[in-house]
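Open your viewer and get ready to select a few things one after another. We will start with the whole chain, move on to pairs of helices, and finish with single residues.

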Amino acid sequence: MEWHACLDEYEKLVIRMTTPRVVIDNAVCPTATLVKVDSARRDGILLDAVQVLTDLNLSIKKAYISSDGQWFMDVFHVTDLNGNKLTDESVISYIEQSLETSFPDRSHGFDGSTALELTGTDRVGLLSEVFAVLADLQCDVVDAKVWTHNGRIASLISVKDCNSGSPINDSQQIDRIKSRLRNILRGDNDIRSAKTSVSLAITHTERRLHQMMFADSDYGRKPVLQCREDSPVVTVQNWAEKGYSVVNVQCKDRAKLLFDVVCTLTDMQYVVFHATINTVEDKAYMEFYVRHTDGTPISCEAERQRVVQCLRAAVERRASDGVRLELCTSDRQGLLANVTRTFRENGLNVTRAEISTTNDIARNVFYVTDAIGNVADPKIIETVREKIGLGELKVKELPLIYHEREEAAVGVGGAVLSLGSLVRKNLYNLGLLIKSYS
């Protein structure tokens, strides 16, 4: 590090103290890469670190966090999505550069597009209506993320003008878009809670979705579906001697789980002082020692219950039991409206979606269930694929129900076939090729 000649020793010391130090170690652990971060403590530093790692689609298998006093120290055990250590020098360099920035810029622009924020009551076919309206108003969807939870929907949609390819800046056109989308979102009985707005830039797409659903109070609404056996277990207790509230979360492990939990704690104005995160097979165990930003622990039973509800919601929003369908095709006007209309006409409900367009190629991911949230009939999935294009819409991932209940077996004379095996056999016969990520 080169020092400017005019800096005195005190200023140099301050720079040393406030600049995070990052060490990436592939030698200590045989199964994961260790990312160690030491830094002066500041608001949001844990979320920044977790966000850098999860934005690279890295899996955090273990973590140890401590930030008592004015110093922040943590160790993350990370792998890629295939469970391998990090060996790509460009990825390692990016992590180092990102984490060693004292106040990183986490804002994300929209590359010359207009960002729409939508919240409202979810229903079958809603996404089809939204995309149909946008197509009718000559809006080209270039990027979108859609989450649903407890009967609510939150979406961030980036659009451009179909004709000019430019952002939509005309105030009258923006008002028309907002008005028509609001009418769709409110449905028959959702006059107050349907919202549409336009944003020029957001802090972070997925963090913003959490904030939108939190503001919409999805955590306090009655679940549309019955609770699953693997629903997250969240407990909150106060440790009076040390002045901490201890938050424990146990749930099925998945990608970006730690980000979702830390994001929610941060946006609820809690500071994580210590934490331990561990995964055993497919289960995640997380323990956080937190206080309010003013240094006090959780104060009452109502607040404790609210934390429990909000963290359960944070875990559930991104989780999905639906069939994962991936669409890869040349982008064209009205593509999303046509595809989602086909889903609706065949009784499929989109529970989550990720839309992106790069170099005129649409790469879209949809998680779909039947109209009431159950696993979609494989025959219907095949019918939809035939209508959209077998080569363009592919089944990439099936919900756990297709693979579970192995003990529910049937057979005669010792020749036993599990329910999961029967379903997989039927899927094969229907021509649904199930591919895993490479």
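Here is a tour in several stops, each with something to select.

**Before you start**

This is a predicted model, in which local features need pLDDT of at least 70 and side-chain atom pairs count only at pLDDT 80 or more, while totals for chains, interfaces and linings use all residues. Residues are numbered from 1 along each chain as its sequence is written, and side-chain values use heavy atoms, with hydrogens and water left out.

**Stop 1: the whole chain**

Show the chain as a cartoon. You should find eleven helices and 18 strands. These are DSSP runs numbered from the N terminus: helices are H or I with at least four residues, and strands are E with at least two.

Now switch to a surface. About 22,000 Å² of the chain is exposed, and carbon and sulfur atoms supply 50% of that; the areas come from the Shrake-Rupley method with a 1.4 Å probe, and for residues only the protein chains shown count as cover. Of the 438 residues, 46% count as buried. Buried means under 20% relative accessible area, exposed means over 50%, and partly exposed lies in between (1.4 Å probe, protein chains only).

How do contacts link the chain? Among those between residues at least 6 apart in sequence, 70% join residues at least 24 apart. Contact here means heavy atoms within 4.5 Å.

**Stop 2: helices H4 and H5**

Two packed helices are described by the angle between their axes and the distance between the axes. Axes are lines fitted to C-alpha atoms, for helices over the stretch in contact, and angles run from 0 to 180 degrees between N-to-C directions.

Select residues 126–136 for H4 and 171–186 for H5. Their axes come within 10 Å and cross at roughly 160 degrees. That makes H4 roughly antiparallel to H5; angles over 145 degrees count as roughly antiparallel, under 35 as roughly parallel, 65 to 115 as roughly perpendicular and the rest as oblique.

H4 passes H5 in a right-handed crossing. A crossing is right-handed if the near helix is turned clockwise from the far one by less than a right angle, and left-handed if anticlockwise.

Now show side chains. On the H4 side the contact is made by Leu126, Glu129, Val130, Val133, Leu134 and Asp136, and on the H5 side by Ile177, Arg180, Leu181, Ile184 and Leu185. Of these contact residues, eight are nonpolar, none polar and three charged. Ala, Val, Leu, Ile, Met, Phe, Trp, Tyr, Cys and Pro count as nonpolar, Asp, Glu, Lys and Arg as charged, and the others, Gly among them, as polar.

**Stop 3: H4 again, now with H9**

Keep H4 and add H9, residues 335–345. H4 and H9 pack at about 155 degrees, with axes 8 Å apart. H4 is therefore roughly antiparallel to H9. Is the H4 and H9 crossing left-handed or right-handed? It is left-handed.

From H4, Leu127, Ser128, Glu129, Phe131 and Ala132 meet Leu336, Ala337, Thr340, Arg341 and Arg344 of H9. This contact of H4 with H9 has five nonpolar, two polar and three charged residues.

**Stop 4: H9 and H10**

Add H10, residues 378–388. The axes of H9 and H10 come within 10 Å and cross at roughly 150 degrees, and the crossing is right-handed. Select Val339, Thr342 and Phe343 in H9, which meet Val384, Lys387 and Ile388 in H10.

**Stop 5: single residues in loops**

Most residues other than glycine have a negative phi, and most peptide bonds are trans.

- Lys256 has a positive phi of about 65 degrees although it is not a glycine. Find it in the loop between strand S10 (244–252) and helix H7 (257–267). Lys256 counts as buried at 18% relative accessibility.
- Asp360 also has a positive phi of about 65 degrees, and is not a glycine. Look in the loop between strands S14 (349–358) and S15 (361–369). At 58% relative accessibility, Asp360 counts as exposed.
- Asp218 sits in the loop between helix H6 (205–215) and strand S9 (233–239). Asp218 is buried, with a relative accessible area of 0%.
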